[in-house]
Each structure stands twice: as structure tokens, then as C-alpha cells.
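Colleague: Please take a close look at one part of this model, the contact between the chains. I would like to know what makes it up, and how the parts around it are built.

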Amino acid sequence: MASLQGYVDHRVLLILQDGRAIVGVMAGYDQKSNVVLSDSKERVYSMEEGVEEIPLGLYLVKGDQIVLIGELDEAMDQAVDLSTVHAEPLPPIRY
Amino acid sequence: MLIFSVFKTLTDQRVTVELKNDLCISGVLKSVDQFLNIRLDGIQVMDEERHPHMTAVKNCFIRGSVVRYVLLPAEAVDTQLLEDATRREAASQAKR
């Protein structure tokens, strides 16, 4: 089974259907892959300026909005200076 | 259900998943479930300069509903067997 169990209490990156990227610590999940993130922040990407982090706090994301959940390598993530990263935001999902 | 079984035989193979937001991710297939959600290890995003969002991500869970294609290694699939099996499944469903 492709379970989310290994991600609980880990810092994860969520990519949503509308292209948003949210990082946070996975507090819990259920069988519909709804996910609760604690201490979450949205990362807003743009070409003009560096990545902006918007604090969101405790967030519940509905499973059907989720595209991808990735485990963040904390050391690698901290090594990147987000203010120097310029990138197009991820495109939204198109069916 | 057949395709679920096919994916289960492909665990530990390196595959490339194309998502419906045009993102391509290659990685080692770790597990699949009934919704065709996919766990990948040792992932690499194609066109990394354009998509630096996931440089610090080494393994991920992809929701089955957002997958457009999965590119499989040809040598890991018995095409003839798969063709026969899909036809058998289609025939048995037509009977019902």
C-alpha cells in the first residue's frame, strides 16, 4: 500500500491542484488522504522576486486537492536561500 | 484491478510519472495502492531549472487522480502477456 504513515511528524511539501506549494509538519492523515499540517507556510514562487513564505499555521487540506506530498530533506531545504530562488509558479492541474 | 497488479510487479523499477500539471518526475517505484496512488523514492524532476520547487524532496507520494502517464522500462513488461490479460479482462467484463 502507498501509505502516508512514513510522513507523519516529518516536514513535507504539499503541491495542490491549483499549483500552490505548502510546507508544514504532517500532523495526521486519513484514508481519503486528507492531511493536517502544523506550522505550515505557503511558498509563493515568482520570476520577479525570490520565494515569499506566507505563514498559515494549522491547516487541513482536503485529499482531493492534493497532487503530491514530498518528504523534505531538512538539511537540504535549509541550505537553499529561498530569497534567491526565482521560478515560475507550478501550473494548475488540467483534466 | 489488472493494472493495479501490473504496477505491483513493477515495484523497485525506475519509472517516470507525468502529471496533469505537466510536471515529470522520475524515481524508483516503491508502492502502489488501489487508487493507483504512487510512492516514489530517489526522485528527480525533469527540467529542474524550471521547477526548483522540489530540489529538497527525495521521496514522494503522488495522488493517482493527477497522473497522466507512467513511463515504464520496456524490459520490465511482458507486452504479450499484458495484451492477453487485458483482453481476457475486457472479455470477462463484457459478459457481465
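Modeller: I start with conventions, then go through the interface, chain B behind it, some single residues, and the strands of chain A.

The model is predicted, so pLDDT limits apply: local features need at least 70, side-chain atom pairs count only at 80 or more, and totals for chains, interfaces and linings use all residues. Residues are numbered from 1 along each chain as its sequence is written, chains are lettered from A and ligands numbered from 1 in the order in which they are written, and side-chain values use heavy atoms, with hydrogens and water left out.

Now the interface. Chain A gives 33 residues to the contact and chain B gives 29. Contact here means heavy atoms within 4.5 Å. Together the chains bury about 2,600 Å². Buried area is the accessible area, taken with a 1.4 Å probe, that two parts lose on being put together, summed over both. Carbon and sulfur atoms carry 62% of the area. On the side of chain B, one trio leads. His53(B), Phe61(B) and Arg63(B) supply 28% of the area that chain B buries against chain A, more than any other three residues.

Next, the polar side of the interface. Twelve residue pairs are in polar contact between chain B and chain A, both partners at pLDDT 80 or more. A polar contact is a pair of N or O atoms within 3.5 Å; within protein, one must be able to donate a hydrogen and the other to accept it, and residues adjacent in sequence count only if both atoms are side-chain atoms. Salt bridges number zero across this interface. That rule asks for a side-chain nitrogen of Lys or Arg within 4 Å of a carboxyl oxygen of Asp or Glu.

Which elements of chain B touch chain A? Strands E2 (24-32), E3 (38-45) and E4 (57-62) each give two or more residues to that side. Helices (H or I, at least four residues) and strands (E, at least two) are DSSP runs, numbered from the N terminus. E4(B) gives the largest share, six residues. By type, the touching side of chain B divides into 13 nonpolar, nine polar and seven charged residues. Ala, Val, Leu, Ile, Met, Phe, Trp, Tyr, Cys and Pro count as nonpolar; Asp, Glu, Lys and Arg count as charged; the others, Gly among them, count as polar.

E4(B) also pairs with a strand of chain A. Strand E5 (residues 66-72) of chain A runs antiparallel to E4(B) over five bridges. Pairing needs at least two DSSP bridges between two strands. In this pair, Leu72(A) stands opposite Val57(B).

Behind the contact sits the rest of chain B. The chain has two helices and five strands, in the order α-β-β-β-β-β-α. Its C-alpha atoms fill a box of roughly 50 × 25 × 20 Å along the principal axes. Of its 96 residues, 44% count as buried. Buried means under 20% relative accessible area, exposed over 50%, and partly exposed in between, with a 1.4 Å probe and protein chains only.

Two residues of chain B deserve a closer view. Asn37(B) sits in the loop between E2 and E3 of chain B. Asn37(B) counts as buried because its relative accessibility is 6%. Its side chain reaches the backbone nitrogen of Gly64(B) at 2.7 Å. Leaving aside neighbours within four places in sequence, its contacts include Ala2(A), Phe61(B) and Arg63(B).

Ile25(B) lies in strand E2 of chain B. Its relative accessible area is 0%, so Ile25(B) is buried. Val45(B) is 20 residues away in sequence, yet 4.5 Å away C-alpha to C-alpha. Not counting residues up to four places away, Ile25(B) touches Leu68(A), and among its other partners are Leu40(B), Met54(B) and Ile62(B).

In the loop between strand E1 (14-19) and E2 of chain B lies Asp22(B). Asp22(B) has a positive phi of about 70 degrees although it is not a glycine.

Last, the strands of chain A. E2(A) and E3(A) pair antiparallel over seven bridges, with Val25(A) opposite Ser38(A). They form a hairpin with five residues between them, and Ser33(A) in the turn has a positive phi of about 55 degrees. Ser33(A) is buried, at a relative accessible area of 7%. E3(A) also pairs antiparallel with strand E4 (residues 52-61) of chain A, over eight bridges. There, Tyr59(A) in E4(A) is the bridge partner of Leu37(A).
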